Amino acid sequence: MKCIFCFEEKQPSDEHVIPESIGGRLRIKEVCRECNSNLSRLVDGPFASCSLIQLARYNHSLGGKRDIVPFPFGGVGTIDTGQRVSLDEKFTPHVKRDFQITKLPDGSLQVHFVTDASDKDKLEQMLGAPLRKALAAAFPSWSPEKLEEEIAKIIAHARAQAPMSEHKPIKKHWSVGLDDLLFEFLKIAYEMWFRRFGYPWVEQSETAKLLRTAILARDPSLPIRGQLFCPDVPLPVSDPSKNHLVLQMDRLCLIRLFNITCGVGCEEADARFILSQEDSRITIQDFIAGTVVEDALPVFLAKNLPSIPQTQPR
């Protein structure tokens, strides 16, 4: 088998055209294991980790190969007081622990301690050792009894504090790497065009060469015609809440994953690699049911568009 990325004769592997992490079932064999691993590291992995995709996977309970649905609301945010807070998978907030002991100019110690309400019964375990060390160094004349008495007062004071309200809004920032989205769409376009035109397209098409170079080098500067976040094409049974869509027509591959649509242009002069209207193709991947529908676009439209009643002339 000749790999369509490295062009070497190697053992085939299962390459998911649409990533398995978002319910993809369509596969090709013409990718070697090494290139498949590189695609996972360079393209599929960053795409699956993108905040927008994690939100969609969470919303649709898509666990991927390991059947682990991501929780995009984890990580650390802040509340209006500046305290750092995280959410568990039951959406229960937890304050991030903070413990500081500062020696003031008058020789006294200031203890700053923030912890979660669930730690209330662990205060002795959490505070005892660092307090003993700090107080013993600051007040060497204190007897062991005096030391333990002061520690007990501090812990009792901490335990008596009222917990923070669970209803405070938590601010968290998400960053979206647009390149992480773009390269996934480019990879899908490359593999879908290969499925349509075969090795002659991979070996002889200038578009194929550009796409392959851009994907493997993660280089967005190459002159590839297309648009990320382009308008969706309304089609029957095309539903972002349950399926992904690929349209191949003329010199364009239009791909919609969830509600994100990208058009990738195929700049070809060779008529072999230009699809006529009759040869346009549609692929619908239902990521809920796991089914794939592929058909010629005119045939698909004829089957699924509502028929218009013919009016009889008077």
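Contact here means heavy atoms within 4.5 Å of each other. You're working with a predicted model, in which local features need pLDDT of at least 70, side-chain atom pairs count only at pLDDT 80 or more, and totals for chains, interfaces and linings use all residues. Residues are numbered from 1 along each chain as its sequence is written, and side-chain values use heavy atoms, with hydrogens and water left out.

**Exercise 1**

Find out which residues Val-31 touches, not counting residues up to four places away in sequence, and decide whether Val-31 is buried or exposed.

*Solution*

Step 1. Place the residue: Val-31 sits in strand E2, residues 27–32. Helices (H or I, at least four residues) and strands (E, at least two) are DSSP runs, numbered from the N terminus.

Step 2. List the contacts. With residues up to four places away left out, Val-31 touches Met-1, Cys-3, Ile-4, Phe-5, Gln-11, Pro-12, Ser-13, Glu-15, Asn-36 and Leu-39.

Step 3. Check the accessible area. Buried means under 20% relative accessible area, exposed over 50%, and partly exposed in between (1.4 Å probe, protein chains only). Val-31 has 0%, so Val-31 is buried.

**Exercise 2**

Work out which residues touch the most other members of the largest nonpolar core, and which element gives the most to this core.

*Solution*

Step 1. Get the term straight: a nonpolar core is a set of buried Ala, Val, Leu, Ile, Met, Phe, Trp, Tyr and Cys residues joined through side-chain atoms within 4.5 Å.

Step 2. The largest core has 48 residues, and Phe-5, Tyr-190, Trp-193 and Trp-201 touch the most other members.

Step 3. Several elements supply at least two residues each, among them E2, helix H1 (33–49), helix H5 (178–197) and strand E10 (252–257). H5 gives the most, with 11 residues.

Step 4. Zoom in on Trp-193. Leaving aside neighbours within four places in sequence, its contacts include Trp-201, Leu-211, Leu-252 and Val-264.

Step 5. Don't miss the other one: a second, separate core of 9 residues includes Cys-230, Leu-235, Leu-245 and Leu-254.

**Exercise 3**

Describe how the axes of H5 and H7 cross and which residues make the contact.

*Solution*

Step 1. Axes are lines fitted to C-alpha atoms, for helices over the stretch in contact, and angles run from 0 to 180 degrees between N-to-C directions. The axes of H5 and H7 come within 10 Å and cross at roughly 140 degrees.

Step 2. From H5, the contact uses Phe-183, Leu-186, Lys-187, Tyr-190 and Trp-193; from H7, it uses Thr-207, Ala-208, Leu-211, Arg-212, Ala-214 and Ile-215.

**Exercise 4**

Give the strand order of the open sheet of 6 strands, then say what lies across E8, E9, E10, E11, E12 and E13.

*Solution*

Step 1. Two strands pair if DSSP finds at least two bridges between them. The order is E8-E11-E10-E9-E12-E13, with antiparallel pairing.

Step 2. Spot the edges: E8 (226–228) and E13 (292–296) each pair on one side only. The twist averages 10 degrees from one strand to the next.

Step 3. Look at one pair. E9 (residues 243–249) and E12 (residues 281–286) are antiparallel over 6 bridges, and Leu-247 stands opposite Ile-282 in E12.

Step 4. H5 lies across these six strands, running at about 125 degrees to E10.
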